[in-house]
Amino acid sequence: MKFQIKEARELAGLSQKELAEKIGVAPNTFHGYESGKHDPKSNILADIANVCGVSVDFLLGLQKENAPAPSEDDTEALTVDEVVNAFVKAGIVPPGKDLSNEDLRFLEALIAAVEQWFSK
């Protein structure tokens, strides 16, 4: 069976290594899942879906649409991962790019500056 793991990972703006770390598997193991050499167990599919913000049906190819957009009344602060995902979707950051610690510190500072600006 061909899973849509790569598509989900790219939608989430994660590298293979980042997603492997988030779901607790070795990068080589994750590569096997994404390339179709190995089929992930159901709990791994659920973890991938959860981290990437898609449904298991999407990973199975049963649902063609992307992850649902956040609701308008979602007022929680953005995380660095969410900002990176937005930058990937906007074409600012290439999909799958591994961000350095310096990149992440910059994004955290950017988020803090935006939050401060709008809290005036």
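Q: Which residue follows H3, and what is the sign of its phi?
A: Glycine 36 follows H3. Its phi is positive, near 90 degrees. Keep in mind that this is a predicted model.

Q: OK. How many helices and strands does the protein have?
A: Seven helices and zero strands. Along the sequence the pattern reads α-α-α-α-α-α-α.

Q: What share of the residues counts as buried?
A: Of the 120 residues, 29% count as buried.

Q: And the contacts? Take pairs at least 6 apart in sequence: what share joins residues at least 24 apart?
A: That share is 58%.

Q: Back to H3. Which of its residues are buried?
A: Phe30, Gly32, Tyr33 and Glu34.

Q: What covers them?
A: The cover includes H1, H2 and helix H4, which spans 42-52.

Q: Let's take glutamate 34. Where does it lie?
A: In helix H3, residues 27-35.

Q: Why is glutamate 34 classed as it is, buried or exposed?
A: Glutamate 34 is buried because its relative accessible area is 10%, and the cut-off for buried is under 20%.

Q: What does glutamate 34 touch, leaving out residues up to four places away in sequence?
A: Lys2, Ile5, Lys6, Arg9 and Gln16.

Q: Which side chain on that list makes a polar contact with the side chain of glutamate 34?
A: The side chain of glutamine 16 does, at 2.6 Å.

Q: How many salt bridges are there?
A: The count comes to one. Arginine 9 and glutamate 34 form it through their side chains, at 2.7 Å, N to O. The pair links distant parts of the chain. Arginine 9 is in helix H1 (residues 5-12) and glutamate 34 is in helix H3, 25 residues apart.

Q: Why can side chains like that pair at all?
A: Opposite charges can pair when the charged atoms come close.

Q: Is arginine 9 buried or exposed?
A: Arginine 9 is buried, and so is glutamate 34.

Q: New topic: aspartate 57. Where is its place?
A: In helix H5, residues 56-60.

Q: How much of aspartate 57 is accessible?
A: Its relative accessible area is 40%, so aspartate 57 is partly exposed.

Q: What is aspartate 57 in contact with, leaving aside neighbours within four places in sequence?
A: Leu62 and Gln63.

Q: And leucine 45? How far is it from aspartate 57?
A: They are 12 residues apart in sequence. In space the distance is 9.8 Å, C-alpha to C-alpha.

Q: Now pockets. How much space lies in the second largest one?
A: About 190 Å³. It is lined by 13 residues. Closest to its centre are Leu14, Glu18, Asp81, Leu99 and Leu104.

Q: Which elements give two or more residues to that lining?
A: Helix H2 (16-23) and helix H6 (80-89).

Q: Which element gives the most to the lining?
A: H2, with four residues.

Q: What is the lining of the second largest pocket like by class?
A: Five residues are nonpolar, two are polar and six are charged.

Q: Quick recap on glutamate 34?
A: Glutamate 34 is a buried residue of H3. Its side chain meets arginine 9 in a salt bridge and glutamine 16 in a polar contact.

Definitions and conventions:
Residues numbered from 1 in each chain as written. Predicted model: local features only at pLDDT ≥ 70, side-chain atom pairs only at ≥ 80, totals over all residues. Heavy atoms only, no water. 1 Å grid on protein atoms, 1.4 Å probe; cavity = no way out; pocket = protein on both sides within 12 Å on 5 of 7 lines; lining within 4 Å. Points joined across faces, edges and corners; volume = space filled by probe spheres on them. Nonpolar A, V, L, I, M, F, W, Y, C, P; charged D, E, K, R; others polar. Buried < 20%, exposed > 50% of the residue type's maximum accessible area, 1.4 Å probe, protein only. Contact = heavy atoms within 4.5 Å. Polar contact = N/O pair within 3.5 Å; in protein donor to acceptor, adjacent residues only side chain to side chain. Salt bridge = Lys/Arg side-chain N within 4 Å of Asp/Glu carboxyl O.
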